[in-house]
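I opened the notebook with two topics in mind: helix packing and enclosed space. The entries below record what I looked up.

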Amino acid sequence: IDPDGSMLAEFYAERAAGGASLIVTGGSAVGRVGAGGVSYSFVNEDAEATKLAAIPTAVHAVGGRVLLQLFHAGRYAFEKSFGLQPVAPSAVFSSYSRCEPRALTEEEILETIEDFARGAATARELGFDGVEIMGSEGYLLSQFMAPATNQREDDWGGDLDARMRFPLAVAAAVRESVGNDGVVVYRISGADLVPGGASVEDVVALSTRLA
């Protein structure tokens, strides 16, 4: 439908021309296993990245600024999209995707952090003014924060400090990749509002560490 990304670029450029001075794109998955569906873009795949490059060019041409959202659905991904079993902090069934995800190994956790960092570096190379880390609404980074979905007994789960470790590591890696002249936004929910979710106090603690 949009083989070269020009239609999506035009969509964002129209909003910038209408007065939106800063735009955040929809999510671009840092890996196929973390996509929210078949329509997602993939910042770490060369063919997809080429399409994304049209967005900042078009937005900048009308005086706007644009951030690329870095996304990983975690247990909210759909196995039917690419035939990949979703991954998450722990193997806790998701009523949303109607499947049980596979718990990430520690090696895979480190690889996922690198996926976010690589996506951030690519976004800057493509001309985006920075990135937004999707850390809200029950997606992967939120899943690490929530006791209900993070039941790990290693260094990546347990008390609040351990549950914060993954989102803080992602944020630090992304910040380093973007550099001092790029924008990094961390999107966070004020509260999960579900049983076993991150509490308001948990969110405040994370926000303080991110600041």
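The entries that follow concern a predicted model.

**Entry 1: H5 against H8.** I first looked up how helix H5 (residues 106–126) sits against helix H8 (residues 165–178); their axes lie 8 Å apart and make an angle of about 30°. Angles under 35 degrees count as roughly parallel, and H5 and H8 are therefore roughly parallel to each other. I noted the crossing of H5 over H8 as right-handed.

I then listed the residues in contact. From H5 come Ile109, Thr112, Ile113, Phe116, Ala117, Ala120, Ala121 and Arg124, and they meet Phe166, Ala169, Val170, Ala173, Val174, Ser177 and Val178 of H8. By class, I recorded 12 nonpolar, 2 polar and 1 charged residues in this contact.

**Entry 2: H8 against H9.** I next turned to the packing of H8 with helix H9 (residues 200–210), where the angle is about 25° and the axes are 11 Å apart. That angle makes H8 roughly parallel to H9. H8 passes H9 in a crossing that I entered as right-handed.

On the H8 side I found Pro167, Leu168 and Ala171, which meet Leu206, Arg209 and Leu210 in H9. The contact of H8 with H9 divides into 5 nonpolar residues, no polar ones and 1 charged.

**Entry 3: the largest cavity.** How many cavities of 30 Å³ or more are there? I entered a count of 2. The largest cavity holds about 70 Å³ of space.

I wrote down its lining as Gly135, Ser136, Leu141, Ser142, Met145, Tyr186, Ile188, Ser189, Asp192, Ala198, Val203 and Leu206. Helix H6 (140–145) and H9 are the elements that give two or more residues to this lining. Which element supplies the largest share of the lining of the largest cavity? I noted H6, with 3 residues. The lining of the largest cavity comprises 7 nonpolar, 4 polar and 1 charged residues.

I also marked Leu206 as an entry on two lists: Leu206 of H9 takes part in the contact with H8, and Leu206 lines the largest cavity.

**Entry 4: the second largest cavity.** I closed with the second largest cavity, in which about 50 Å³ of space lies. Arg32, Val33, Ala35, Ala77, Phe78, Glu79, Ser81, Phe82 and Leu84 line the second largest cavity. I classed the residues of this lining as 6 nonpolar, 1 polar and 2 charged.

Methods: Residues numbered from 1 in each chain as written. Predicted model: local features only at pLDDT ≥ 70, side-chain atom pairs only at ≥ 80, totals over all residues. Heavy atoms only, no water. Axes fitted to C-alpha atoms, helices over the stretch in contact; angles between N-to-C directions. Helix = DSSP H or I, 4+ residues; strand = E, 2+ residues; numbered from the N terminus. Parallel < 35°, antiparallel > 145°, perpendicular 65-115°, else oblique. Left-handed = near helix turned anticlockwise from the far one by under 90°. Contact = heavy atoms within 4.5 Å. Nonpolar A, V, L, I, M, F, W, Y, C, P; charged D, E, K, R; others polar. 1 Å grid on protein atoms, 1.4 Å probe; cavity = no way out; pocket = protein on both sides within 12 Å on 5 of 7 lines; lining within 4 Å. Points joined across faces, edges and corners; volume = space filled by probe spheres on them.
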